[in-house]
Amino acid sequence: MTQHAPSAAPLYLDCDTGVDDSLALAYLLASPEIDLVGVGSVHGNIDAPQGAVNTLDLLALAGRDDVPVAVGAHDPLVGSYDGGVAHIHGANGVGDVTLPPSGRTPAAESAVELLLRLSHEHAGRLRVVAVGPLTNLALALREDPTLVERVLDVTVMGGAALHPGNVSPVAEANIANDPEAAAEVLAADWDVTLVPLDVTMANLLEETDRKTLLEAGTALAPWLGEVLDLYFGFHVPTFGRRCSALHDPLATAIAVGGVRATVAPRVPVVVDATDGPGRGQTLCDLRGLYAGHPDVPGARTRVVLATDSPLAPHLVERLRGL
Ligand code: BDR
Ligand code: CA
């Protein structure tokens, strides 16, 4: 088990576990820089209860039954859960692989209650990473707007700044699955780092990487290699070969500092929550493009447009030890 440093930052993960969410969770477990103090599930790739089960199973394989897991929102703020994306993440969210059951059940508290409790226990230090739709975070802000004062920072995998969307010409899945929630979270008075498709689609895991995980001879990594099989197939029409975009693990790596953002201006970001063709779009004010992307005074959202190093080697190095 990875020992986190005594100074490790407490971190809450909100996710729709999910194949790439599984990699993100595993990366956090392998990162001594942070202390994973709780995980909330949310609708998205699968339903929220199944996401919690997947999270519990992965934690058990990593020997981390100490991490509380709470079920979050079943539906977005407006409308209802759309049934997930079985053709991408499998009907169970983990590539239709049957993981050894953890034997644990989710916490009695909801994901919102867990997040709020942790924000009091670690006031001023809690870091939040969200790699699914932002419903739980929006509900927590509605429940207690002072949450922004107790959270150190928020990192979100979501959106498309200068890149096409992946569920519409302009919208990325996590934002599109709850644009109203995303609009509230990005309008709140806290520091957010947005990790959009612009950088996640440029970070790929290859078959050689998956083989390394499959052959790691450890408790969790080979299962991650199995879980990736279906997801690798999904990416063939996009990239012309079996591989995988590293959406959620890139957000966690940027939060942890394993990969650094080199171009990440603080700019106003507005989410289109209308019912038109732009629904779910993240409108990032990047008019500073030709001036070296200066920060816009008063803006609280950093939009990551470039990073210093490829994630895959670093990710595999950490995951193969789990
Ligand atoms: C995001 O959508 C989900 O399917 C992935 O887990 C990731 O969080 C990518 O658009
Ligand atoms: Ca996700």
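The sheet, two of the helices and the calcium site of this predicted model are described below.

Seven strands make up an open sheet with parallel pairing, and their order across the sheet is 3-2-1-4-5-6-12. The sheet is bounded by strand 3 (69-70) and strand 12 (301-303), each of which pairs on one side only. Strand 1 (residues 9-15) runs parallel to strand 4 (residues 126-130), and four bridges join the two. Within this pairing, Val128 of strand 4 is the bridge partner of Tyr12.

On from strand 4, the pairing with strand 5 is parallel and comprises five bridges. Here Val151 in strand 5 is found opposite Leu126. Strand 5 is in turn paired with strand 6, in the parallel sense and over four bridges; Met157 stands opposite Val195 of strand 6. Of the seven residues of strand 5, six are buried, so this strand is largely enclosed by the rest of the structure. In a regular strand, side chains alternate between the two faces of the sheet.

Helix 13 (residues 247-256) lies across four strands of the sheet, namely strand 2 (34-41), strand 4, strand 5 (151-157) and strand 6 (192-195). The angle at which helix 13 runs to strand 5 is about 155°.

In helix 10 (residues 207-214), the buried residues are Asp209, Arg210 and Leu213. These residues cover an arc of only 100° around the axis and therefore lie on the same side of helix 10. Their packing partners are strand 7 (204-206), helix 11 (221-234) and helix 14 (311-319).

The calcium ion (ligand 2) is coordinated at 2.3 to 2.8 Å. Its donors come from the side chains of Asp16 (OD), Asp21 (OD, listed twice) and Asp248 (OD), together with the O atom of Val131. Along the chain, the donors of the calcium ion follow the spacing D-x4-D-x109-V-x116-D. Distant parts of the chain are linked in this way: Asp21 belongs to helix 1 (residues 19-29), whereas Val131 lies in the loop between strand 4 and helix 5 (135-143), and the two are 110 residues apart. Asp21 has a relative accessible area of 0% and is therefore buried. Val131 also counts as buried, because its relative accessibility is 1%, where the cut-off for a buried residue is under 20%.

Conventions: Residues numbered from 1 in each chain as written. Chains lettered and ligands numbered in written order. Predicted model: local features only at pLDDT ≥ 70, side-chain atom pairs only at ≥ 80, totals over all residues. Heavy atoms only, no water. Pairing = 2+ DSSP bridges. Contact = heavy atoms within 4.5 Å. Axes fitted to C-alpha atoms, helices over the stretch in contact; angles between N-to-C directions. Buried < 20%, exposed > 50% of the residue type's maximum accessible area, 1.4 Å probe, protein only. Arc of directions from axis to C-beta. Donors = N, O, S within 2.8 Å, 3.2 Å for Na, K, Ca; no water.
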